[in-house]
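Good morning, and thank you for making time for this presentation. Please have the sequence and the model open as I go through selected local features.

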Amino acid sequence: MAGVQREETGLALIPGEERLLRAAVQPWSVTDRSLTWTSSNPAVASVDADGNITAHRNGQAVITATSTAGASKAASCTVTVEAPQVQLHGAVQTASGETRLFTWDMRQGDRWSAGSALNTSVSAAAMEPNCENLYVGDAKRNDHNEFSVYQVAPSTGSTLATSSNGVPYPMWSMVPCDLFSTAENPLIVWFYDGYLSAPMDPMNPTFLMVTPEVYKSGASTFVAMASGGASTFQDPSFGKVPAQLLYLLDDLGNVWKAYIYEAYGFYSVGYETVPYVSTDLPALDFRIRDEQMNCSLWADQETGTLFLSYYTGDTTQIWRLTYNAFTESYESTLLGDMGEGVGPVALYDGQVFGAEPAALPQPEFSTETQTFAPMEALTTEPEPTPADGALQSAISVAAEEQEPSDLVTLPLTAAPGQTNGVIELTYDPALLTLERIQGQADVVSYQHHDGSLKLGYAWAAGAAEGAAYATLTFRGKDLCTAEMTLGELERNDQAVDQTATLTLDFGHLWSDWTVTKEPTCTEPGEQTRTCSRCGEVETEAIAAYPCPSEAYSDLNTDQWYHEYTDYVIRHGLMDGMGDGKFAPDGKLTRGMLVTTLYRLAGEPEVTEPTTFQDVSEGRYFSDAIAWAEDVGIAKGITEKLFAPDHAITREQAVTFLYRYVTEYLKQTPAGDGDLTGFTDAASISLYAREAMSWATATGLLEGYGDGAIGPKNPVTRAQMAKFLTILDTNF
């Protein structure tokens with residue numbers, strides 16, 4: 001027995017917290033791997049037979065796991081029990097309905113201290129560290145059907161300046177942009193539902209946005225965001241660049257890391273290869289209440305610890321999320337709640353005392369980035385279904401060339417001036433899940449069961465032009481389209497009976513195009529793609545191209561080589577010889593052949609010249625021969641001479657092609673051709689036999705009509721066009 005290995009050597013818990021401590025007897029081959037758990041101070045922290053620790057009161061206890069098979073083999077973990085070592089700052093709606101700034105020093109107990117009163121409701125708040133300005137996003141719409149932003153004095157709560165966010169969307173979260181912000185030019189980042197903003201002036205907002213691909217984690221939206229401070233990102237084009245790190249929490253409890261950076265005057269956002277990390281948060285009900293997500297996130301940039309405020313509808317809970325390198329996930333701890341009727345809360349600052357930085361993993365960055373664009377470019381205006389002003393509905397339909405989604409939003413609109421109504425919507429719950437119901441009228445109530453939604457709504461002053469009374473979000477279950485029935489039951493207190501069938505379009509999930517028929521200069525080609533959701537196959541014609549061979553006066557389009565010369569000319573693999581001539585029967589030189597292979601490879605960068613003494617710099621083949629020598633394709637006629645202007649023989653040519661496939665493409669040669677049937681097989685050089693056998697097996701090389709293979713015969717340019725066409729299409 002080697003000993004007992006434990007997961008951690010120290011734990012910090014708060015009174016009442018429980019934690020499982022993992023340990024194991026090593027090596028795994030030991031017959032009896034059972035453990036006995038003990039605590040040196042059970043009054044501070046007790047442990048059960050399975051390693052479950054319960055913290056009771058402030059103090060320290062040593063938890064020991066001892067091997068049953070050998071008392072000398074043990075491992076210990078020191079557990080420190082103390083109140084949470086954090087002080088949080090935020091804005092809160094009190095039980096009496098006031099909005100106040102607050103401070104909660106959890107070291108002092110479970111009571112928070114109310115500060116200055118604010119003259120607004122709060123959906124989000126951000127403290128700009130350079131100028132210490134506090135910016136607050138209003139939770140209620142203003143007279144322009146938008147949401148106001150306030151600059152507030154943190155010490156008094158008084159409003160210093162007011163602006164509008166400019167759009168009919170609330171700010172669910174806002175954070176300071178530490179990297180790009182200055183005292184003279186304060187900048188924040190905010191998000192709403194699926195939209196993340198570029199850094200912007202909170203009092204003069206511009207709406208450059210991206211839509212992070214939250215569906216990759218299976219989630220439907222982000223719910224909270226925190227600033228991780230200045231960091232760096234490895235851009236695929238610009239290398240390592242300064243970046244603003246953001247932590248984003250999705251509605252499944254996953255923590256994402258996003259990096260905003262600037263290149264050539266434009267903001268972009270990048271992610272890590274695995275963009276999110278799971279947490280052990282319980283299944284919190286992140287729902288929209290009065291258009292707000294009602295939760296917030298603050299990150300301690302020194303330790304990487306996250307603090308989440310979560311409004312349950314009755315109180316606001318405060319959760320701590322700490323990264324555990326052993327499980328590669330965030331562990332959650334419920335630190336307490338703010339009391340009955342208190343909430344929601346918008347955290348904007350804090351301080352963690354005496355903690356060490358978390359052992360966060362070294363990031364591996366994805367090559368996929370997004371560039372911020374105007375918000376209107378990221379949204380599709382809903383198109384109302386035909387109606388006479390009574391029953392109206394609108395649906396966001398994924399455009400044909402847009403990315404498919406598992407989610408579709410369904411805004412429901414009323415006729416201008418309409419004061420109230422009742423609708424009933426039915427759908428197939430086997431195909432659709434109603435993820436979210438967002439009420440937008442003054443009063444909205446509903447009853448929802450799987451497959452059926454009955455919803456009533458009312459406005460005090462009547463509906464404005466195009467006003468939505470509710471927006472529904474549906475998730476499709478691996479489908480492209482789904483139908484539902486929308487019926488209007490009441491309008492302005494009058495019973496009505498109208499129905500409409502709506503089609504939700506989630507978009508096709510197309511495969512890549514596959515060319516099923518290559519185009520030629522005389523006939524069009526064809527390509528197909530298949531939807532992995534519904535199996536629909538889409539076929540598209542590929543236009544016939546102008547005949548490249550007709551550009552050369554000495555190419556006969558009725559000859560055997562026509563398709564091959566077309567191919568190499570169209571793909572830039574071979575050029576003419578000047579004066580409008582291609583010279584199909586001209587002799588191919590060794591330099592020409594290597595140059596065509598170099599073009600086929602995409603003309604890789606050459607850093608060192610060739611060692612062959614007869615290849616001078618500046619010739620058309622100089623880089624090609626240097627590249628071919630470097631990758632093992634080119635061998636000289638001697639160690640020092642390549643003979644680039646010498647005519648190349650058939651056996652030399654196929655040897656070069658064989659090396660291209662095996663040395664450069666790293667492919668295993670397929671098939672061995674039988675050379676014994678050729679009358680001149682004995683004249684094939686020993687070095688070329690393997691390559692000649694391969695070339696005949698793959699159709700690159702054929703014999704002459706007299707039964708000979710002609711290994712020493714020169715290669716014509718037309719024959720090389722055939723070689724390159726087969727090589728490029730088959731390998």
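I begin with a term: a residue is called exposed when its relative accessible area is over 50%, and buried when that area is under 20%. With that cut-off, Asp579 counts as exposed, because its relative accessibility is 80%. I should also say at once that this is a predicted model.

Let me stay with Asp579 for a moment. This residue sits in the loop between helix 1, residues 562-570, and helix 2. Its phi is near 55°, a positive value in a residue other than glycine. A second aspartate invites the same description. Asp478 also has a positive phi, about 55°, although it is not a glycine. Its place is the loop between strand 39, residues 468-476, and strand 40, residues 481-491. Asp478 counts as exposed because its relative accessibility is 56%.

One further loop deserves mention. Gly343 and Pro344 are joined by a cis peptide bond, with omega at about 5°. Pro344 belongs to the loop that runs between strand 28, residues 329-337, and strand 29, residues 345-352.

I turn now to the sheets. In general, strands of a sheet pair through backbone hydrogen bonds, either parallel or antiparallel. One open sheet in this model has four strands in the order 2-9-8-5, and its pairing is mixed. Which strands form its edges? They are strand 2, residues 10-13, and strand 5, residues 35-39, each of which pairs on one side only. From one strand to the next, the twist averages 25°.

At the strand 5 edge, the partner is strand 8, residues 59-67, and the two pair in the antiparallel sense over five bridges. Ser39 is found in strand 5 and stands opposite Ile63 in strand 8. Is Ser39 buried or exposed? It is buried, because its relative accessible area is 19%, and the cut-off for that term is under 20%.

The surroundings of Ser39 can be described in some detail. Leaving aside neighbours within four places in sequence, Ser39 is in contact with Ala45, Ser46, Val47, Ala61, Val62 and Ile63. Its side chain reaches the backbone oxygen of Ala45 at 2.6 Å, and the backbone nitrogen of Asn41 at 3.2 Å. For a longer span, consider Gly109, which is 70 residues from Ser39 along the chain: the C-alpha atoms of the two are separated by 26 Å.

A second serine lets us follow a sheet across three strands. Strand 23, residues 255-263, and strand 24, residues 266-277, pair in the antiparallel sense over eight bridges. Strand 24 also pairs with strand 30, residues 365-371, in the antiparallel sense, over four bridges. Ser268 in strand 24 stands opposite Tyr261, and its bridge partner in strand 30 is Thr371.

Another strand residue to note is Asn324, which lies in strand 27, residues 316-324. Asn324 is buried, with a relative accessible area of 7%. Its side chain makes a polar contact with the side chain of Glu331, at 2.7 Å.

A word on cysteines. How many disulfides does the structure hold? It holds zero. Cys77 is buried, at a relative accessible area of 1%, and Cys295 is buried as well, at 2%.

Finally, the helices. Two packed helices are described by the angle between their axes and the distance between the axes. Helix 2, residues 590-600, and helix 3, residues 622-630, pack at about 75°, with their axes 8 Å apart. Helix 2 and helix 3 are therefore roughly perpendicular to each other. Val594, Thr595, Leu597 and Tyr598 of helix 2 make this contact with Asp623, Ala624, Ile625, Trp627 and Ala628 of helix 3.

Helix 2 is largely enclosed by the rest of the structure, because ten of its eleven residues are buried. Those buried residues pack against helix 3, helix 4 and helix 6. Just after helix 2, Gly602 takes a positive phi of about 90°.

Helix 5, residues 689-697, has as its buried residues Ala691, Met692, Ser693, Trp694, Ala695 and Thr696. They pack against helix 4, residues 650-664, and helix 6, residues 717-730. Helix 5 is followed by Gly699, whose phi is positive, near 85°.

Thank you; I would be glad to take your questions.

Conventions
Residues numbered from 1 in each chain as written. Heavy atoms only, no water. Buried < 20%, exposed > 50% of the residue type's maximum accessible area, 1.4 Å probe, protein only. Polar contact = N/O pair within 3.5 Å; in protein donor to acceptor, adjacent residues only side chain to side chain. Pairing = 2+ DSSP bridges. Axes fitted to C-alpha atoms, helices over the stretch in contact; angles between N-to-C directions. Contact = heavy atoms within 4.5 Å. Disulfide = S-S within 2.5 Å. Parallel < 35°, antiparallel > 145°, perpendicular 65-115°, else oblique.
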